[in-house]
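This report describes the packing of helices and the overall build of two chains. Please look at the model before reading on.

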Amino acid sequence: MSTLLEIDKLSVTFQLPTGPVTAVKDVSFTIAEGETLALVGESGSGKSVTSTAAMRLLPELAETTGAIRFNGENLLEVTPKRMRRVRGNDISMIFQEPMTSLNPLHRIGRQIGEVLVKHKQLTGNANRQRVLELLNQVGIPEPERRIDSYPYELSGGQRQRVMIAMALACEPKLLIADEPTTALDVTVQAQILELLKSLQAEYGMAILFITHDLSIVRHFADHVAVMRYGEVVESGRTLEVFDNPRHDYTRMLLDAIPRGRKEPAPADSPVLLSGHDIKVRFPLKKRLFGKSEYFEAVRGIDLSIRRGQTLGIVGESGSGKSTLGRALLRLLKSEGDIRFEDADISGLDKSGMRPLRSRLQVVFQDPFGSLSPRMTVGDIISEGLKVHHPEMNRRQREAEVIAALEEVALDPAMRNRYPHEFSGGQRQRIAIARALILKPELLLLDEPTSALDRSVQVRVIDLLRDLQKKHGLTYLFISHDLSVVRALSDDVMVMKEGRVIEHGSVDAIFNHPREAYTQALLKAAFIESEAA
Amino acid sequence: MTSESKPYSGKQPDGTPLPAGGPNPPRSPDPETPGTKEGAPVGESLARDAWRRLSQNRAAMASLGLLLAIIVVCIVGPWLLPWGLAEVDWNAFGTGPTLEGAHYLGTDANGRDLLTRVLYGGRVSLSVALVASFVSLVIGVLYGAISGYLGGRVDNYMMRFVDIMYSLPFMFLVILLMVVFGRNIFLIYAAIGAVEWLDMARIVRGQTLALKRREFIEAAHALGVRDTKIVTRHLIPNAIGPVIIYVTLTVPKVILLESFLSFLGLGVQEPLTSWGVLISEGVDMMESAPWMLLVPSFFLAATLFCLNFLGDGLRDALDPRTR
């Protein structure tokens with residue numbers, strides 16, 4: 001096979017007002033025709049900058065040196081006009097966010113057709129025929145109807161399929177896929193990967209696949225290049241790199257899979273929180289007279305958590321798992337009984353709940369959204385103390401904040417800083433400290449690791465585990481990430497469309513799933529049973 | 001302290017070593033960091049960050065300087081000038097700018113010193129602007145934040161009230177106030193303030209609606225923080241960026257509104273004056289004594305220019321996307 005794309009000593013430097021920053025340093029790799037190369041790295045490793053440089057789509061303030069040869073032609077030296085012909089025609093690209101990569105005001109047929117008009121001068125009926133053919137190829141059901149849909153009428157997976165159809169319209173020789181499945185549910189992710197594979201065989205195109213998810217790489221790519229701090233630290237055939245990693249960083253990435261299990265809580269520990277027939281519904285349309293319309297997010301769920309236990313709630317987006325968690329903590333209105341230590345809390349109002357709040361705490365998913373940007377870390381962490389321990393003075397609160405920061409392994413000297421100065425993992429630690437300072441008994445963890453890099457995830461999980469052991473905490477752990485749930489939970493509840501599909505111990509769910517949906521989830525997440 | 005993951009700053013996407021004072025600060029107390037206490041370096045607050053970026057904006061800084069100069073001159077100037085507000089120079093009726101008799105910018109048709117009157121007028125115009133903007137700021141922010149935060153039916157009623165206020169003709173309101181209470185400068189403050197807070201309330205309500213879905217508000221609920229504290233401690237500080245910008249746009253609007261009212265004869269009363277009144281008088285004498293129009297117009301235009309540049313600068317400095 002001949003070389004299609006050769007990146008030779010590529011360096012990219014951004015001239016920022018604060019000084020030059022080199023995002024990519026001396027990166028070299030090649031992709032042969034029809035082959036898949038995965039560019040792997042954690043956030044900030046320069047993998048997206050590399051691929052954007054190959055398309056010459058970097059902003060003006062970026063200085064690029066080295067060579068990017070596509071079929072022998074150095075793309076860094078060609079005219080902008082020539083580059084426009086290459087883009088879309090020879091090289092095309094799909095992005096991470098299917099929700100925002102399509103123009104919401106145009107029908108999808110028109111958006112795909114536009115590429116064909118530009119590069120193939122294909123108009124009128126021939127254009128429409130080709131679009132229909134493409135939609136069919138990417139597996140959009142009823143293409144004749146869907147061609148006139150607007151993006152908002154399609155699901156995330158379908159939108160990503162439309163993006164792929166757009167990228168394939170001119171039968172490119174190289175497809176750059178920048179985290180194409182990161183924003184999708186695991187089962188959808190598996191379908192999209194399958195689709196890309198079959199289309200690759202059909203069109204004979206090469207794929208530059210950018211991802212942070214190593215489990216995808218193993219199943220998808222022929223070659224892999226691992227990037228860190230803008231440099232390629234290791235590259236080679238996928239299997240060789242995976243089986244025999246030479247660089248420490250690669251080894252660390254491969255090891256960054258949450259391992260181990262939780263020690264089970266004593267079987268006789270009392271039930272801390274239980275819910276019976278919990279229902280949550282949101283009004284869709286309110287009518288003055290007649291029936292209002294509702295969306296039922298949670299449709300009657302029973303559960304109970306014993307002290308010291310971790311209940312993992314697993315489900316894809318829209319399954320109602322976060323809604324259930326918020327309802328149990330009375331952050332949302334719900335129907336049904338919720339009992340906390342034998343006391344019915346479902347009827348309590350805001351002030352009735354207030355004394356309980358310090359015992360029921362929560363850590364949210366988004367480390368960038370869950371901390372107020374205008375408060376210092378110390379103020380954020382101590383806010384709960386002002387509510388629940390008004391008798392404390394400044395000095396006492398400060399001492400508590402220092403202890404809480406030390407507990408989550410952050411430097412207490414950072415307490416007067418603002419959240420925007422911290423990384424994602426550090427912010428999540430701050431959020432944990434905010435919850436812990438009140439000495440809660442139950443902690444609702446709503447996807448606390450989903451927005452973090454793998455290696456950071458593992459450390460946050462270790463921290464959560466240690467804290468649970470140390471303080472005898474009870475966790476309600478909500479996640480779509482099965483490997484994380486397996487590492488942390490005693491019991492697992494699989495949810496879909498507001499209902500419980502399957503409920504059982506970790507071993508039962510992961511090793512002997514009964515329901516087809518659970519099996520599909522496990523398969524799509526590339527989770528092998530631990531015996532293997 | 002951990003070394004996990006790279007900092008979220010966007011400035012360091014690669015592995016270049018972090019500058020001291022970045023997310024991994026030195027453990028030892030930094031004696032040069034202002035406000036250092038007990039070994040905890042104070043982070044760069046958003047306000048200070050915004051100020052740093054504003055100070056790099058030359059147009060905004062020049063505007064700020066000129067604006068402060070105008071304010072100081074308006075306050076101090078009348079004491080230094082030999083002529084009083086209503087003092088008539090019987091030797092100079094409608095003379096142009098001259099050093100004779102210390103009429104540096106000329107006199108009006110009644111022989112009163114124009115510079116003195118412009119500076120007195122500036123006091124009125126600027127104070128109306130300041131008071132009316134402040135009134136609209138306080139009412140608007142509180143009203144908007146409460147309406148947006150409570151949501152549902154309360155929000156509905158509160159915003160319908162705003163709609164009703166919008167639909168009242170402003171001139172009608174002012175004339176009504178004048179008829180009932182007589183002409184009084186405080187009525188102008190009140191009338192303008194009563195109208196200007198409506199826009200502010202809408203802006204803050206929109207911000208609040210977006211903010212109250214954010215997770216840090218939810219976290220505050222989970223901590224059991226009271227609603228009043230959530231509004232004052234979490235919502236308003238985070239909505240303040242657009243508010244500050246809107247205030248700098250309200251100030252020129254208010255000055256123009258007062259000029260408009262005075263122009264129509266509903267504003268301040270003789271001998272007191274304002275920039276709007278002076279311009280109105282100047283228009284009548286435009287052909288025979290152009291300086292009577294040009295001088296107050298220059299002061300008004302310069303002030304509005306500065307405020308608009310300053311507002312633009314503040315918007316850029318506070319916009320998180322430029323951060």
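## The buried helix α13 of chain A

In this predicted model, the cover over the buried residues of α13(A) includes α14 (394-407) and α15 of chain A, together with α7 (215-223) of chain B. Helix α13 itself spans residues 377-388 of chain A, and its buried residues are A:Val377, A:Gly378, A:Ile380, A:Ile381, A:Ser382, A:Glu383, A:Gly384 and A:Leu385. Elements of both chains thus appear in the list of what covers α13(A).

## Helices α15 and α16 of chain A

Two packed helices are described by the angle between their axes and the distance between the axes. For helix α15 (residues 424-436) and helix α16 (residues 454-471) of chain A, the axes come within 10 Å and cross at roughly 15°. Because angles under 35 degrees count as roughly parallel, α15(A) is roughly parallel to α16(A).

On the side of α15(A) the contact is made by A:Gly424, A:Gly425, A:Gln428 and A:Leu436, and on the side of α16(A) by A:Val456, A:Arg459, A:Val460 and A:Leu467. Sorted by class, the contact of α15(A) with α16(A) has 4 nonpolar, 3 polar and 1 charged residues. The crossing in which α15(A) passes α16(A) is right-handed.

## Helices α3 and α6 of chain A

A second pair in chain A is formed by helix α3 (residues 108-120) and helix α6 (residues 156-168), whose axes come within 8 Å and cross at roughly 25°. These two helices, α3(A) and α6(A), are therefore roughly parallel to each other, and α3(A) passes α6(A) in a right-handed crossing.

The contact is made by A:Ile108, A:Gln111, A:Ile112 and A:Val115 of α3(A), which meet A:Val162, A:Ala165 and A:Met166 of α6(A). By class, the residues of the contact of α3(A) with α6(A) comprise 6 nonpolar and 1 polar, with no charged residue among them.

## Chain A as a whole

The secondary structure of chain A amounts to 19 helices and 20 strands. A compact globule of 532 residues would have a radius of gyration near 24 Å, and the 26 Å computed for chain A agrees with this. Taken along the principal axes, the C-alpha atoms of chain A fill a box of roughly 70 × 60 × 50 Å.

Of the 532 residues in chain A, 47% are buried. When contacts in chain A between residues at least 6 apart in sequence are considered, 67% of them join residues at least 24 apart.

## Chain B and B:Leu115

Chain B has 10 helices and 0 strands, and its pattern along the sequence reads α-α-α-α-α-α-α-α-α-α. Buried residues account for 40% of the 323 residues of chain B. Among the contacts in chain B with a separation of 6 or more, 66% are between residues 24 or more positions apart.

At the level of single residues, B:Leu115 lies in helix α3 (residues 114-150) of chain B. Since 20 or more neighbours are needed for a residue to be buried, B:Leu115 counts as buried with its 21 C-beta neighbours inside 10 Å. From B:Leu115 to B:Ile217 the separation is 102 residues in sequence, and the C-alpha atoms of these two residues are 53 Å apart in space.

Definitions and conventions: Residues numbered from 1 in each chain as written. Chains lettered and ligands numbered in written order. Predicted model: local features only at pLDDT ≥ 70, side-chain atom pairs only at ≥ 80, totals over all residues. Helix = DSSP H or I, 4+ residues; strand = E, 2+ residues; numbered from the N terminus. Rg over C-alpha atoms; globule rule 2.2 N^0.38 Å. Buried ≥ 20, exposed ≤ 12 C-beta atoms within 10 Å, placed from the backbone. Contact = placed C-beta atoms within 7 Å. Axes fitted to C-alpha atoms, helices over the stretch in contact; angles between N-to-C directions. Parallel < 35°, antiparallel > 145°, perpendicular 65-115°, else oblique. Left-handed = near helix turned anticlockwise from the far one by under 90°. Nonpolar A, V, L, I, M, F, W, Y, C, P; charged D, E, K, R; others polar.
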